[in-house]
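Hi everyone, thanks for making time. I'd like to walk you through a structure that is new to most of us, so have it open while I talk.

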Amino acid sequence: MSIAEEYFKAGKIASEIRRKIKSSLSVGSRLLDIVEMVEQNITSRGAQPAFPCNICINSVAAHYTPLPQDDLQVKDGDVVKVDFGVHIGGYIVDTAITISFNIKYDAMVRATEIMLQEAIGAIRAGIRAGEVGRVIHAAAQRLGFKPILNLSGHAVAPYLVHAGLSIPNTYTAGTPELKVGQVYAIEPFATTLRGAGVVVNGPVTNIFSLVARKPVGDSTLDRFVDELWSRFRTLPFTYRQIKDLGDAGWLERAVKSLLQKRVLRGYPVLVEAQNEFVAQAEHTITPVENGVIVLTE
Ligand code: MN
Ligand code: MN
């Protein structure tokens, strides 16, 4: 069973953008400029962002994306994770890199790359997700770091970034097998030995997705939901992508109201529980009989 051709096209776009990020990100870069560069590169190649480009600094592990007027910049000493997804017709690839501007954390960034490479090296049709986690955790330990235990890789499915099956970053019993014809994102995260090795919700939520399309008894909100569905379906989005739909105050109230009605879900930023720095590496792969195809390499 082979996967859709779109996965290969999306993967090629993602791998070009990975290189572009590496060559263009520096101290002083505005986070907003980086994510816009990534997202414009995706659309100019005829694809769509599968979710807002995430850019997470230091102890923020995941789910930060800049607001429309965001002034944050990369500073000397920062460890910067850029995580983005590309989709063509709902076929999604998901990939991330970490760039260190802090010599203290270069080894940790390198460790996540090794954790990912060793995980990929172990994957073939029929391996259990928990065995991939064992490889990731063993590499982290050997290299002197902790994996983040409550973040994991995941199966990818049309219009779904997280399609049910998780690929944990530690050994886990009773997990399903990875299958030919399926697509998976593998994403080890590492923190220092002083870290808790888990993330907790932070104070900011800038990313949302639709979970239902039920009428909410307010025609303006219903039209807003229809527009969100036509733009994003079930994929995550952020304020930057809907700023044409209303002023910032109205959008914030509309989003809040739809969160309360459980029409939207939010993705709070995830922060290392001891505030230790975090690094991440991620590729999207598909298993074959005796190995793996890395789509985003
Ligand atoms: Mn990702
Ligand atoms: Mn992912």
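Let me start with a term: a nonpolar core here is a set of buried Ala, Val, Leu, Ile, Met, Phe, Trp, Tyr and Cys residues joined through side-chain atoms within 4.5 Å. And please keep in mind that this is a predicted model.

So, which residues have the most contacts inside the largest nonpolar core? They are Ile 21, Leu 25, Phe 84 and Val 86, in a core of 43 residues. Helices H1 (5-24) and H2 (31-44) each supply at least two residues of this core, and so do strands E1 (48-57), E3 (79-88), E4, E8 (183-186) and E12 (264-272). H2 gives the most, with seven residues. If you click on Val 86 and leave aside its neighbours within four places in sequence, you'll find it in contact with Ala 10, Ile 13 and Ala 14, among others, and also with Tyr 91, Ile 92 and Val 93. There's a second, separate core too, with 30 residues, including Ile 123, Ile 127, Ile 167 and Ala 281. As a general point, nonpolar side chains tend to be buried together in soluble globular proteins.

Okay, on to the metals. What coordinates the manganese ion, ligand 1? That would be Asp 83, which appears twice through OD, plus Asp 94 through OD and Glu 282 through OE, at 2.0 to 2.4 Å. Along the chain, these donors follow the spacing D-x10-D-x187-E. The manganese ion that is ligand 2 sits 3.2 Å from ligand 1, and Asp 94 coordinates both. Now look at where the donors come from: Asp 94 lies in strand E4 (residues 91-100), while Glu 282 is in the loop between strands E13 (278-280) and E14 (283-288), so the pair ties together parts that are 188 residues apart in sequence. Are these two buried or exposed? Asp 94 is buried, at 3% relative accessible area, and Glu 282 is buried as well, at 0%.

Let's follow the chain past Glu 282 into E14. This strand belongs to an open, antiparallel sheet of five strands, in the order E7-E6-E8-E14-E15. At the edges are E7 (166-168) and E15, each pairing on one side only. On average, neighbouring strands here are turned by 30° against each other, ignoring direction. E8 and E14 pair over three bridges, and Ile 186 stands opposite His 283 in E14. On the other side, a hairpin takes E14 into E15 through two residues. Four bridges join those two strands, and one bridge pair there is Pro 287 with Val 292.

Helix H3 packs on this sheet, touching E8, E14 and E15, at about 15° to the direction of E14. H3 (residues 106-122) also meets H4 (residues 129-143): their axes come within 9 Å and cross at roughly 145°, in a right-handed crossing. Residues making that contact include Ala 111 and Ile 114 of H3 and Val 132 and Val 135 of H4.

Last stop, the other open sheet I wanted to show you. It has four strands in the order E2-E12-E10-E11, with antiparallel pairing. Eight bridges join E10 (residues 199-210) to E12, and Ser 209 stands opposite Arg 265. Two helices go with it: H5 (residues 219-232) lies across E10, E11 and E12, at about 95° to E10, and H6 (residues 248-260) touches E10 and E12, at about 95° to E12.

That's my tour, thanks for listening!

Notes: Residues are numbered from 1 along each chain as its sequence is written. Chains are lettered from A and ligands numbered from 1 in the order in which they are written. This is a predicted model: local features need pLDDT of at least 70, side-chain atom pairs count only at pLDDT 80 or more; totals for chains, interfaces and linings use all residues. Side-chain values use heavy atoms; hydrogens and water are left out. Donors are N, O and S atoms within 2.8 Å of the metal (3.2 Å for Na, K and Ca); water is not among the atoms, so sites may look incomplete. Buried means under 20% relative accessible area, exposed over 50%, partly exposed in between (1.4 Å probe, protein chains only). Two strands pair if DSSP finds at least two bridges between them. Contact means heavy atoms within 4.5 Å. Axes are lines fitted to C-alpha atoms, for helices over the stretch in contact, and angles run from 0 to 180 degrees between N-to-C directions. A crossing is left-handed if the near helix is turned anticlockwise from the far one by less than a right angle, and right-handed if clockwise.
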